[in-house]
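Got your viewer open? Here's a short tour: pick each selection as it comes up and have a look around.

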Amino acid sequence: MIIRKKEHWFKMLLVWQGSVLPKLLPQLLLLLAWSVTVVVLRDTIFHYNLHLNPAPFTLFGIALALFLGFRNNASYDRFWEGRKLWGSLMNTGRALARQAHTLVDEPDESIALSGRPDPATPTGAPTSAAPRIAAARFPAAALIKEMGIWVQQARRQNRLDSPRQVAIDSNLNELAVIVGGCERLSNTPLPYSYSVLIHRTVYIYCFLLPLGLLDSLGWMVPPIVVFIAYTYTALEAIADELEDPFGMAPNDLALDTMCRSIENALLEMDDRPLRPDPAPAATDRWFLT
């Protein structure tokens with residue numbers, strides 16, 4: 001995800017990194033060439049009556065904008081739901097760490113529940129459980145299971161009574177709900193046929209648009225058509241990025257930063273040194289996290 005300070009309105013017009021323009025540049029250049037060709041062949045087009053009435057483009061453009069708005073709303077809902085799930089993960093992780101330190105007798109051992117007994121292991125899980133978690137098809141669910149086993153052992157050793165066990169188990173259930181929500185977002189994209197329909201409609205509209213504006217705009221057709229095309233195709237491209245909030249696109253969630261925040265929150269509750277955030281280079285005016 002791109003983290004960038006607000007800039008002057010004029011500089012915002014020239015922003016390159018973080019915008020979808022680099023991805024759309026080949027399509028826009030192709031459309032520009034097509035528009036110039038239409039204007040150059042204007043006499044031939046009028047001779048064979050190939051130009052179009054601009055009125056349908058006006059009505060259809062409004063409808064297309066509404067469809068793109070619905071698509072962007074659906075994609076942003078997925079993006080925001082992913083952010084809420086990771087926020088809940090932070091809150092639930094802190095609650096579990098606190099319960100491990102305050103509800104379980106012998107708190108020196110209760111650090112296992114917070115998932116930080118051995119920072120050298122990839123998952124932060126107890127060394128004995130790390131191989132099982134690493135080999136699991138669903139490592140997050142396997143880690144929740146290991147924490148549940150730890151709670152069960154604490155109960156058998158009389159270091160945890162039943163009411164406190166229930167309180168801790170409710171947060172483990174909440175973790176399972178969060179993991180399931182993230183898997184649902186990751187494994188259930190927007191219907192492919194809907195995305196194809198929007199994609200085809202946008203590009204067919206943009207490539208027919210020069211024929212509809214030729215009679216009234218003349219040599220202004222190429223810049224006007226490219227600007228309109230940029231608006232529509234950019235909205236579609238942004239929706240594609242936001243649809244998968246857990247991806248690696250510049251506008252996806254900053255999962256690395258959130259993981260470091262969760263880790264540092266647990267380390268702080270365990271009275272361990274925090275891991276510093278990586279600082280961007282002095283020349284960088286934007287960075288990915």
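**Stop one: α6 and its neighbours**

Select α6 together with α5 (130-135) and α7 (162-187): both of these helices are among the elements covering the buried residues of α6. Bear in mind that you're looking at a predicted model.

Now colour the buried residues of α6 itself: Ala-142, Ile-144, Glu-146, Met-147, Trp-150, Val-151 and Ala-154. For a quick geometry check, take the distance between the end C-alpha atoms of the helix (residues 139-156): they are 26 Å apart, which agrees with the 26 Å that 18 residues should span at 1.5 Å a residue. Step past the helix and you reach Asn-158, with a positive phi near 60°.

**Stop two: Thr-201**

Jump to helix α8 (residues 192-217) and pick out Thr-201. Where does the side chain of Thr-201 reach? Show the backbone oxygen of Leu-197, and you'll find the two 2.6 Å apart. Leaving aside residues up to four places away in sequence, Thr-201 touches Phe-60 and Leu-64, so add those to the selection.

**Stop three: two loop residues with positive phi**

Most residues other than glycine have a negative phi. Asn-49 goes the other way, with phi near 55°. Look for Asn-49 in the loop between α3 (42-47) and α4 (54-102). Is Asn-49 buried or exposed? Its relative accessibility is 56%, so it counts as exposed.

Finish at Asp-271, in the loop between α10 (255-269) and β2 (287-288). Asp-271 has a positive phi too, near 60°, and counts as exposed because its relative accessibility is 72%, with the cut-off being over 50%.

Conventions
Residues numbered from 1 in each chain as written. Predicted model: local features only at pLDDT ≥ 70, side-chain atom pairs only at ≥ 80, totals over all residues. Heavy atoms only, no water. Helix = DSSP H or I, 4+ residues; strand = E, 2+ residues; numbered from the N terminus. Buried < 20%, exposed > 50% of the residue type's maximum accessible area, 1.4 Å probe, protein only. Polar contact = N/O pair within 3.5 Å; in protein donor to acceptor, adjacent residues only side chain to side chain. Contact = heavy atoms within 4.5 Å. Expected span 1.5 Å × (residues − 1).
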